[in-house]
Amino acid sequence: TTTNSTTTQIIPMPVTCVSVASPRVGDKSFQQAFQLCEQRGALRHLRMANEKDPVTLMPKSTSKKIWSMLSPVSYLAFKMADQNFEDKETYHHTGMKLKLRKSGLEDTTQQKLHVIGYSGAPKEQQQEETADADAVKNSTASKWLSFKEKDIPNVVLHFGNSYSENLAGVKEELTTLGLTLNELYKEKAVAAAMLESS
């Protein structure tokens, strides 16, 4: 067995994870535990996601929660058994998100090809999820009648070559910023401290 001090000597801190095109990974308790590790400086996570990649929008809820939405009796039974039922059955993202946009699209001509945000901020998370879901819905809703390969709901945005192209497209922008992942976390901590003090 190893002691806590021995473990910290073996594993350099912070542990850094870079994920690409990942779905939502855990419930609210998982997200809160992850955030605690981030606050203690033990963990850093950069999550890269193409704008409108459907895989990064899923799963929103477990099958148990979906079933409860279809059946009021099931919802009542689940809620009576566990008051925190809904939090445990809803998935969330963690870490810093680097949202990549495809260059050359009409909706990105006035925008940066990337957006950096933190998945743990409740207001930002809700706005991000609503915007992503609306974008996917709007891009596919009017196209289902004229099915063509190019009209498949953004699935191609999940492919590796799409991520490679989008990363290459933002390389110069990101290099100009010159920020490291640890610096992004420091900025987030300073912003959080300012909000708490006001």
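These are my notebook entries on a helix contact, a nonpolar core and a central strand in a predicted model.

**Entry 1: helices α3 and α4**

I looked up how α3, residues 63–70, sits against α4, residues 72–81. Their axes come within 5 Å and cross at roughly 125°. An angle from 115 to 145 degrees falls outside the parallel, antiparallel and perpendicular ranges, and α3 and α4 are therefore oblique to each other.

I then listed the residues that make the contact. From α3 they are K64, W67, S68 and L70; from α4 they are P72, S74, Y75 and F78. Sorted by class, I have five nonpolar residues, two polar and one charged.

**Entry 2: S74**

Is S74 buried or exposed? I find S74 in helix α4, with a relative accessibility of 15%. The cut-off for buried is under 20%, so S74 counts as buried. Leaving out residues up to four places away in sequence, S74 touches W67 and S68. Both W67 and S68 are on the α3 side of the helix contact.

**Entry 3: the largest nonpolar core**

I next looked up the largest nonpolar core, which has 14 residues. The residues with the most contacts inside this core are L46, M96, L98, L100, Y163, L181 and Y185. Which elements each supply at least two of its residues? I noted two strands, β2 (43–50) and β3 (96–100), and two helices, α7 (160–177) and α8 (181–197).

For a closer look I took L98. Beyond four places in sequence, L98 touches L46, R47, M48, A49, H114, V115, I116 and L174.

**Entry 4: strand β3**

I checked how covered β3 is. Five of its five residues are buried. On one side these are M96, L98 and L100, and on the other side K97 and K99. Both faces of the strand are thus recorded as covered. M96, L98 and L100 also appear among the residues with the most contacts inside the core.

**Entry 5: pairing of β3**

Which way do the neighbours of β3 run, parallel or antiparallel? β2 and β3 run parallel and are joined by five bridges. Strand β4, residues 114–118, pairs with β3 in the antiparallel sense, over five bridges.

I followed K97 across both pairings. R47 stands opposite K97, and in β4 the bridge partner of K97 is G117. K97 is also one of the buried residues of β3.

Technical notes: Residues numbered from 1 in each chain as written. Predicted model: local features only at pLDDT ≥ 70, side-chain atom pairs only at ≥ 80, totals over all residues. Heavy atoms only, no water. Axes fitted to C-alpha atoms, helices over the stretch in contact; angles between N-to-C directions. Helix = DSSP H or I, 4+ residues; strand = E, 2+ residues; numbered from the N terminus. Parallel < 35°, antiparallel > 145°, perpendicular 65-115°, else oblique. Contact = heavy atoms within 4.5 Å. Nonpolar A, V, L, I, M, F, W, Y, C, P; charged D, E, K, R; others polar. Buried < 20%, exposed > 50% of the residue type's maximum accessible area, 1.4 Å probe, protein only. Core = buried A, V, L, I, M, F, W, Y, C linked by side-chain atoms within 4.5 Å. Pairing = 2+ DSSP bridges.
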